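Trainee: Got a minute to go through this one with me? I'd like to talk about how the helices pack and which charged side chains pair up.

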Amino acid sequence: MSTTVAIPDFGALLAPYIGSVPQDAIPAFLASLERTAAERYRMWADEVPEHSEGLLQCAAREDEIARRAEVIYPAPRKDQQDAISKAIIPARDTYYEVFAKYTPIEQMAIQANAERQGAAAWRAMMDSNNAQALNAELEEIAQVEEVSADYLDGLLERMGFK
């Protein structure tokens, strides 16, 4: 099977929503986006039950990323929480819309790339001014993203999707 799917730049696609939250709340907003990706994996697990175990593991990784990001980048202020609440639903809908015209397998090809984009976003937060432990945590979060990307790439290859 060979199909071409359009892979968007998710950072650019979601920029209006990311830009609508306070700068210091962006990582917490990204954590919320990770939870929407977890929801997506759970949908795929229902739609493609023969691969549900691996897809549910991907969902768990998305939840883990969100949890870890929220620990290092909490958004405790009301203005942060309000902005995240206001932006997350339209951001999720925009994210989901990317997948709408594709089969679940084609959607997973898009998601594999999205995981790699997510890893790059977490790594972009690393900075020489950060504490070494913070940079190490961001690198670990990025690596968790890549585990799911690798899983999806392997699944797609086994299914003959290129």
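Mentor: Sure, we'll take helix packing, then salt bridges, then a couple of single residues, keeping in mind that this is a predicted model.

Trainee: Okay, helices. What do you look at when two of them pack?

Mentor: Two packed helices are described by the angle between their axes and the distance between the axes.

Trainee: Then at what angle do H1 and H4 cross, and how close do their axes come?

Mentor: H1 covers residues 10–18, and its axis comes within 9 Å of the axis of H4, with a crossing of roughly 150°. Anything over 145 degrees counts as roughly antiparallel, so that is the label for H1 and H4.

Trainee: Left-handed or right-handed, that crossing of H1 and H4?

Mentor: Right-handed. On the H1 side the contact uses Phe10, Leu13, Leu14 and Tyr17, and H4 brings Ala87, Pro90, Ala91, Thr94, Tyr95, Val98 and Phe99.

Trainee: How do the residues of that contact of H1 with H4 divide into nonpolar, polar and charged?

Mentor: Ten are nonpolar, one is polar and none is charged.

Trainee: And H4 with H5, what's the geometry there?

Mentor: H4 runs over residues 78–99 and H5 over residues 104–124; their axes come within 9 Å and cross at roughly 125°. H4 and H5 are therefore oblique to each other. Tyr95, Val98 and Phe99 of H4 meet Gln107, Ile110 and Gln111 of H5. That contact of H4 with H5 has four nonpolar residues, two polar ones and no charged ones.

Trainee: Tyr95 came up for H1 too. Which residues make the contact between H2 and H4?

Mentor: H2 gives Ala28, Phe29, Ser32, Leu33, Thr36, Ala37, Glu39, Arg40, Met43 and Trp44, while H4 gives Ile84, Ala87, Ile88, Ala91, Arg92, Tyr95, Tyr96 and Phe99. So yes, Tyr95 is listed for H4 in its contacts with H1, with H5 and with H2.

Trainee: How many charged residues are in the contact of H2 with H4?

Mentor: Three charged, alongside 13 nonpolar and two polar.

Trainee: And the angle between H2 and H4?

Mentor: About 40°, with the axes 10 Å apart. That makes H2 oblique to H4. H2 passes H4 in a right-handed crossing.

Trainee: Switching to charges. How many salt bridges does a search of the whole structure find?

Mentor: It finds 14. Side chains of opposite charge can pair when their charged atoms come close.

Trainee: Give me one that links two helices.

Mentor: Take arginine 35 and glutamate 70, whose side chains meet in a salt bridge at 2.6 Å, N to O. Arginine 35 is in H2 (residues 26–47) and glutamate 70 is in H3 (residues 52–72), so the pair ties together parts 35 residues apart in sequence.

Trainee: Which residues are linked in a network of salt bridges with Arg35 and Glu70?

Mentor: Arg42 and Asp63 are linked in that network with Arg35 and Glu70.

Trainee: How accessible are the two ends of the 35–70 pair?

Mentor: Arginine 35 is partly exposed at 31% relative accessibility, and glutamate 70 is partly exposed at 29%.

Trainee: Which residue forms a salt bridge with arginine 123?

Mentor: Glutamate 139, with the closest N and O atoms 2.8 Å apart. Arginine 123 lies in H5 and glutamate 139 in H6 (residues 132–158), so this pair ties together parts that are 16 residues apart in sequence. Arginine 123 counts as partly exposed at 27%, and glutamate 139 does too at 22%.

Trainee: Now single residues. Is leucine 138 buried or exposed?

Mentor: Buried, with a relative accessible area of 0%. Leucine 138 lies in H6. Leaving out residues up to four places away in sequence, leucine 138 touches Ile72, Tyr73, Trp122, Met125, Met126 and Asn130.

Trainee: Ile72, then. What does isoleucine 72 touch?

Mentor: With the same neighbours left out, isoleucine 72 touches Leu134, Glu137, Leu138 and Ile141. Isoleucine 72 lies in H3 and is partly exposed, with a relative accessible area of 27%.

Trainee: How far apart are the C-alpha atoms of isoleucine 72 and proline 27?

Mentor: They are separated by 8.9 Å, and the two residues are 45 residues apart along the chain.

How values were computed
Residues numbered from 1 in each chain as written. Predicted model: local features only at pLDDT ≥ 70, side-chain atom pairs only at ≥ 80, totals over all residues. Heavy atoms only, no water. Axes fitted to C-alpha atoms, helices over the stretch in contact; angles between N-to-C directions. Helix = DSSP H or I, 4+ residues; strand = E, 2+ residues; numbered from the N terminus. Parallel < 35°, antiparallel > 145°, perpendicular 65-115°, else oblique. Contact = heavy atoms within 4.5 Å. Nonpolar A, V, L, I, M, F, W, Y, C, P; charged D, E, K, R; others polar. Left-handed = near helix turned anticlockwise from the far one by under 90°. Salt bridge = Lys/Arg side-chain N within 4 Å of Asp/Glu carboxyl O. Buried < 20%, exposed > 50% of the residue type's maximum accessible area, 1.4 Å probe, protein only.
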